[in-house]
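Reader: I would like to learn how to read a structure feature by feature. Please take one topic at a time.

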Amino acid sequence: MSQWTDQWRDFVRKTSYKNSLAEKKMSNDQFWRSYGIYDQALMHSGYPGEALAKISSFIAPKTTLLDIGAGTGAFAIPLSKITSKTIAIDPSQYQLQILLEKAEKQSLTNITTIEKEWKDVETKEIGSNVDYSLAAYSLFDEDIEGFLSKMIDITQRGIFIVFRANGSDTLNEFAFGPRPYADYICLAQILKDMGHRFDEMLFTRNYSMPIDLVFQQYRFCSKSKEELLGHLSREGRLLDRDDGKWAKFQATDALLYTIR
Ligand SMILES: C[S@@+](CC[C@H](N)C(=O)[O-])C[C@H]1O[C@@H](n2cnc3c(N)ncnc32)[C@H](O)[C@@H]1O
């Protein structure tokens, strides 16, 4: 245990969406069902953007990819056009169902899914031939060393981790108050303490989003819609467009990677 693993555990427990699960007594799957606009939000935010392009450039054709916490397939779907086999792991049936619908629409037949948290997946379910593994905004495990070492041990050629590099949006602090924070530096330090050196790249996205999607993202906070609008307006982040109010955001994604 180190200050970094403590920081990550506090972030998962008190700040990440896992905190909402505990507070609202919801299952992981219920959370993602209640956030059905996830893909719409991604579309407006330009995610996965350059991080996907960079990862694609590292992946050799006819290989096997493990996407841990694959969600609706932001990475798994496009990367499966390169791989011969992709295993998408996610504890949410709802998220995996959306992923599989996308795969079908694009005639991708090389994706299999495992509906579990990463810690509960057994090696025999995956097989021993994993060339690449990826976890993008999905490392929601209080035992982060266990999560990472399982991922590293099973992978033969390349490991990719995507997580935020920007500070917390001021809207988060306004909406939820001060909470424990963690970003990619915390993950990089944990990896270093475990004896692994990963390379780093940062990619910034500037984007705007319809205000209704923003309200959806902040549906569990204690502030009213008017208060959220007030904060965005004070920061000069509101746009009045013909199709209604939109809000401006900036996000930076970090890619931590190692190629063997
Ligand atoms: C923010 S989404 C990211 C999805 C996708 N990787 C992307 O970049 O769009 C997080 C996903 O991780 C999944 N997840 C959360 N904790 C997980 C765990 N311990 N193991 C595997 N997946 C997990 C959630 O169910 C959710 O679908």
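Author: What follows goes through strands, core, ligand shell and backbone geometry. Keep in mind that this is a predicted model.

Reader: Let us begin with the strands. How many bridges join β4 to β5, and do they run parallel or antiparallel?

Author: Strand β4 covers residues 130–136 and strand β5 covers residues 155–164; they run parallel, joined by six bridges. To place the register, take S133, which stands opposite I159 in β5.

Reader: Which helix goes with these two strands, and is the unit right-handed or left-handed?

Author: Helix α9, residues 144–154, makes a β-α-β unit with β4 and β5, and the unit is right-handed.

Reader: Which way does β5 run against β8?

Author: β5 and β8 run antiparallel, and seven bridges join them. Strand β8 spans residues 244–259. Two pairs fix the register: G158 stands opposite I259, and R164 has D253 as its bridge partner.

Reader: Which other strands pair with β8?

Author: Strand β6, residues 199–210, pairs with β8 in the antiparallel sense over 12 bridges. There, R205 has A251 as its bridge partner. Strand β7, residues 238–241, is also antiparallel to β8, with four bridges. L239 of that pairing is matched with W246 in β8.

Reader: How many residues does the hairpin from β7 to β8 pass through?

Author: Two residues make the link in that hairpin.

Reader: Next, the interior. What is the general idea behind a nonpolar core?

Author: In soluble globular proteins, nonpolar side chains tend to be buried together. In this model the largest nonpolar core has 52 residues, and L134, F160 and L187 have the most contacts inside it. Apart from that core lies another of seven residues, including L171, M209, L232 and W246.

Reader: Which residues does F160 contact, leaving aside its neighbours within four places in sequence?

Author: F160 is in contact with I55, Y132, L134, L255 and Y257. Of these, L134 was named with F160 among the residues with the most contacts in the largest core.

Reader: Why does I87 count as buried?

Author: I87 has 23 other C-beta atoms within 10 Å, and the cut-off for buried is 20 or more, so I87 is buried. I87 lies in strand β2, residues 85–89. Setting aside sequence neighbours within four places, I87 is in contact with L66, T112, I114 and I126.

Reader: How far apart are I87 and N110 in sequence and in space?

Author: I87 and N110 are 23 residues apart in sequence, and their C-alpha atoms are 8.5 Å apart in space.

Reader: Now the ligand. How many residues surround it, and which are the closest?

Author: The ligand is surrounded by 20 residues, of which G69, G71, A74, A136 and S138 are the closest. By class, the shell has 11 nonpolar, six polar and three charged residues.

Reader: Last, backbone geometry. What should I expect before looking at particular residues?

Author: Most residues other than glycine have a negative phi, and most peptide bonds are trans. Three places in this model are worth reading against that.

Reader: Is the peptide bond from Y47 to P48 cis or trans?

Author: The bond from Y47 to P48 is cis, with omega near 5°. P48 is found in the loop between α4 (38–45) and α5 (49–58). P48 counts as buried because 23 C-beta neighbours lie inside 10 Å. Not counting residues up to four places away in sequence, P48 touches A74, F75 and A136. Two of those contacts, A74 and A136, are among the residues closest to the ligand.

Reader: What is the phi of K62, and where does K62 lie?

Author: Phi of K62 is near 60°, a positive value in a residue other than glycine. K62 lies in the loop between α5 and β1 (64–68). K62 counts as exposed because it has 9 C-beta neighbours inside 10 Å.

Reader: Where is Y137 found, and what is its phi?

Author: Y137 is found in the loop between β4 and α9. Its phi is positive, about 50°, although Y137 is not a glycine. With 16 C-beta neighbours inside 10 Å, Y137 counts as partly exposed.

Key: Residues numbered from 1 in each chain as written. Predicted model: local features only at pLDDT ≥ 70, side-chain atom pairs only at ≥ 80, totals over all residues. Near = placed C-beta within 6 Å. Nonpolar A, V, L, I, M, F, W, Y, C, P; charged D, E, K, R; others polar. Pairing = 2+ DSSP bridges. Right-handed = clockwise from strand over helix to strand, strands pointing away. Core = buried A, V, L, I, M, F, W, Y, C linked by C-beta atoms within 7 Å. Buried ≥ 20, exposed ≤ 12 C-beta atoms within 10 Å, placed from the backbone. Contact = placed C-beta atoms within 7 Å.
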